[in-house]
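Colleague: Thanks for making time for this one. Could you walk me through the model, a question at a time?

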Amino acid sequence: MNTVALVGNPNVGKSSLFNTITGARQYVANWPGVTVSRKEGIRRWRGREIKLVDLPGIYSLGAISIDEKITRDYLLREAPDVVVVIVDALNMEQGLYLLIEVLEMRENVMLVVNAIDEAKKRGMKINRYELEKHFGVHVVFTSAVTGEGIDELLDRALHIITTKDVHSFVELTYQKEIEEKVRKIEERIQNAKRLRSYKPRWLALKALEGDPEVLELLEEFEIPVPTGEENKKYKEMIAQRRYQYIDSVLREATTSFDQKLSVSEAFDHVVTHRFLGIPIFLAMMYLAFTFTFDVMSPLSDLIDTGISSLGEWLRGVMGNGWVTSLVVDGVVSGVGAVLVFVPNIFGMFLALGFMEEVGYLPRAAFVIDKLMYKLKLSGRSFMSLILGFGCNVPAVMSTRGIADPRERLITILVAPFITCSARLPIYILLAGIFFKGQEAAVIFTIYISSIVLTAISATLLNKILFKGQPIPLVMELPRYRLPSAKNLWLYVWERGKHFLEKAGTIILISSIAIWFLGSYPAPADKSFAADLGKFFEPLFRPLGYDWRMVTALIFGTAAKEVVVSTFQMMYGDPSSVLPHLITPPVALSFMFFVMAYIPCFATIAVIKTETGGWKWALFSVMYSLFIAYTVSLLISVVGGAIL
Amino acid sequence: MKLSEAVVGTKVKIVSVDFPPELQGRILGLGFVPGSIVEVVREAPFGDPRVYTVHGKMITLRNSEADLIEVEPVSKNFPLSMAEVGKHYIVKAFLGGPFFMSKMRSLGINVGSKIMVASKFPISITINGKPVRIGMGMAEKIIVEEI
Ligand SMILES: Nc1nc2c(ncn2[C@@H]2O[C@H](COP(=O)(O)OP(=O)(O)OP(=O)(O)O)[C@@H](O)[C@H]2O)c(=O)[nH]1
Ligand SMILES: [Mg+2]
């Protein structure tokens, strides 16, 4: 099988092309740093199997963050048959810089100019033959949206695989001083067997730049290489020469076009405005919540009715008996309790997906950066945190794009406080019972509190664990794009599907387990579940929780939706029972507890893998329990005193 | 002059960059190399970070990072607030949003308009022989070039 690797700057459409070619559904969104690990897929083409490799985006091979290192290491250690460098048609400069770097490293390279649809729309013309001539590679124009050029891309790749014809060979010559040094180093390593897999010129250039890995490779040859300030100077000279070359090529190869679209310019001006920026961010979030609740609620009610009828019908058909009870009171009401919220959760993802696809996310990060700076974090980590509103797992994963290890760790540890969509059902349920008419406002408050809590935690962790130092924010703002219905649907479906899968697996199993624990040895008060809840209840007495609520919290550690399933099974009809048991402040306190306490199993697992051990995962569990208890106690006590 | 000191809306040319090695690779790769033209596009709430355009890409930098980039002015463009009394200027660009633009239009100030600064504090200009008072905030957003 032949391997074709896709590399390029972040956000140029590598994953989109990968998806179009292989039929995969990798995460695609309009902000830099979406892909954080290597993904592989297969495509049959003209009777051959081609393995495609999608990689995290990079600006330069002198990589710093974890995701960038993955790409660099891949190019350094693996031997794909073709390396496809993808650049953005509307902004080729930085992409061509990477192309030059890759060309210095390997021979089997081709260039893809993607998003050609956008270039056409703006009347920009690119001369393919100029590009081929000046970079010495095959060039293909593609669009992942219209599918243009995909066949040709595969044909050219196959051509390179079968004939080894990579077009011509163009070598960029650097300034005289650099060329002289390069030659000296090249001579020394010319015959080294161990280095045969690297191009001597590339090694020499990297040695001049002071690349630590290359220096290590060359150590045994005792070559006098420049260090410190000199490295810096050479690096700068090399980069300068590359951009000079790119500029001169592009002047010939492209026509100028209207850089600034007046609409997106005006939009950008408003959403990143000095004074309006932050209020607009809050307003957008509020809009997203109103959409999630008000627009989606009728659908939820419909499902609710459907599930109740299903239960009734099953009871009628199956008669009375423990099996019926297991099916109706356990499975149908437990899983059903969660399914009712599917429309809300899909709504939430739709709102998030829109934000991600339009290109607003990095702008929000930009607007909020100054505040994050006070927390010794950056706008970049804010971007990761926002993803957590959908699910904490991808939020933790996306921290790979954070270059500073300390900032990354703190972001991982505080990410679970961002309230994910799985926690939504319990908020909606309780807000619907205790704060009728103000649901959106109450839930919005919880979301804002979750951000505040995250911020406080970050400060705390920075103070206690690390001597915090501010980190830089070097981030690209992508251009605005109108999300396509297809992309949005895929986004929503991929995530919503995961939720449905959870309903069919972990929530189903939990429901059955809870039914058994709640029915034996005797139902309700004398069951195992009751024993469990009552055993821990004294701990929660100051907070005013009923033992059934305690039981729900315990089961909810598996997945937070299970809290709602447990409520449904324990209370039968929570909306008529609960108001007699607890007060609104206690309900609010409970919502906060669910928001903050122990991340779900999946999140704990991903924290463990991303931090490389149990230490931080366990820390996260204990820490979040502590925070949840403290905050909820405060709400119960203060709320109780006021009322 | 440091990049962080360049006024929003102006273009400058990079003279040198001085980043620690771990960041230098990325900064150079993004196109912040000596000789490149950088446009200061916008600033975030509280004036930090700011957005720059370099080689066609919009990049955010905190002022603490922009401090490490030494630049020089390329054009004689600057905001009206820095103009001198008695001199003639041509309006090159506006930095405001849609509201600001319509306000400018209503005052008869357009890109290409020739103006003369009659007084400062408060700023008053003459355009087509007509005197117009300009607030300090507005003067920051009108980019002019001396003629
Ligand atoms: N109009 C248009 N948009 C595209 C095209 N290819 C990708 N996009 C959009 O560009 C954005 C980024 O696409 P991705 O595929 O996630 O980019 P990537 O290169 O994988 O980005 P990273 O994983 O962050 O490095 C998404 O919003 C896509 O919908 C294209 O050919 N035309
Ligand atoms: Mg990707």
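**Domains, ligand and interface**

Modeller: Gladly, and let us start with chain B, whose domain assignment gives domain 1 (3-73) and domain 2 (77-146). Please keep in mind that this is a predicted model.

Colleague: How far apart are the centres of domain 1 of chain B and domain 2 of chain B?

Modeller: The contact between these domains takes four residues from domain 1 of chain B and six residues from domain 2 of chain B. Taken over C-alpha atoms, the centres of the two domains are separated by 27 Å.

Colleague: Which three residues supply most of the area that domain 1 of chain B buries against domain 2 of chain B?

Modeller: Between them, domain 1 of chain B and domain 2 of chain B bury about 310 Å², and carbon and sulfur atoms give 81% of that area. On the side of domain 1 of chain B, 79% of the buried area comes from three residues, more than from any other three: Val7(B), Gly9(B) and Thr10(B).

Colleague: Which peptide bond in the loop between strand S2 (37-43) and strand S3 (50-54) of chain B is cis?

Modeller: Most peptide bonds are trans. The loop between strand S2 (37-43) and strand S3 (50-54) of chain B holds Pro49(B). With omega near -5°, the cis bond is the one from Asp48(B) to Pro49(B).

Colleague: Now for chain A: how far apart are the C-alpha centres of domain 2 of chain A and domain 3 of chain A?

Modeller: Chain A is divided into domain 1 (2-163), domain 2 (179-239) and domain 3 (278-477 + 486-642). For domain 2 of chain A and domain 3 of chain A, the C-alpha centres lie apart by 53 Å.

Colleague: Which residue in the loop between helix H16 (361-374) and helix H17 (379-387) of chain A has a positive phi although it is not a glycine?

Modeller: Most residues other than glycine have a negative phi. In the loop between H16 and H17 of chain A, a phi of about 60° belongs to Lys376(A).

Colleague: What share of the exposed area of ligand 1 does the protein bury?

Modeller: Look at the polar contacts to begin with: an oxygen atom of ligand 1 is 2.8 Å from a side-chain N or O atom of Ser15(A), and a nitrogen atom of ligand 1 lies 3.2 Å from a polar side-chain atom of Asn114(A). For Ser143(A), a side-chain N or O atom is 3.5 Å from an oxygen atom of ligand 1. Taken alone, ligand 1 exposes 650 Å², and the share that the protein buries is 96%.

Colleague: Which element gives the most residues to the shell around ligand 1?

Modeller: There are 26 residues around ligand 1, and Lys14(A) and Ser16(A) are among those that come nearest. By class, the shell has 10 nonpolar, 11 polar and five charged residues. With three residues, the element that gives the most is H1(A).

Colleague: Lastly, how much area do chain B and chain A bury between them?

Modeller: The contact takes 42 residues from chain B and 44 residues from chain A. In chain B, the residues that lose the most area to chain A are Arg26(B), Arg42(B) and Arg62(B), together 19% of what that side buries. Carbon and sulfur atoms account for 55% of the area buried between the chains, which is about 4,000 Å².

Note on methods. Residues are numbered from 1 along each chain as its sequence is written. Chains are lettered from A and ligands numbered from 1 in the order in which they are written. This is a predicted model: local features need pLDDT of at least 70, side-chain atom pairs count only at pLDDT 80 or more; totals for chains, interfaces and linings use all residues. Side-chain values use heavy atoms; hydrogens and water are left out. Domain bounds come from an automatic or database domain assignment. A residue is near a molecule or strand if one of its heavy atoms lies within 4 Å of it. A polar contact is a pair of N or O atoms within 3.5 Å; within protein, one must be able to donate a hydrogen and the other to accept it, and residues adjacent in sequence count only if both atoms are side-chain atoms. Accessible areas come from the Shrake-Rupley method with a 1.4 Å probe; for residues, only the protein chains shown count as cover. Helices (H or I, at least four residues) and strands (E, at least two) are DSSP runs, numbered from the N terminus. Ala, Val, Leu, Ile, Met, Phe, Trp, Tyr, Cys and Pro count as nonpolar, Asp, Glu, Lys and Arg as charged, and the others, Gly among them, as polar. Contact means heavy atoms within 4.5 Å. Buried area is the accessible area (1.4 Å probe) that two parts lose on being put together, summed over both.
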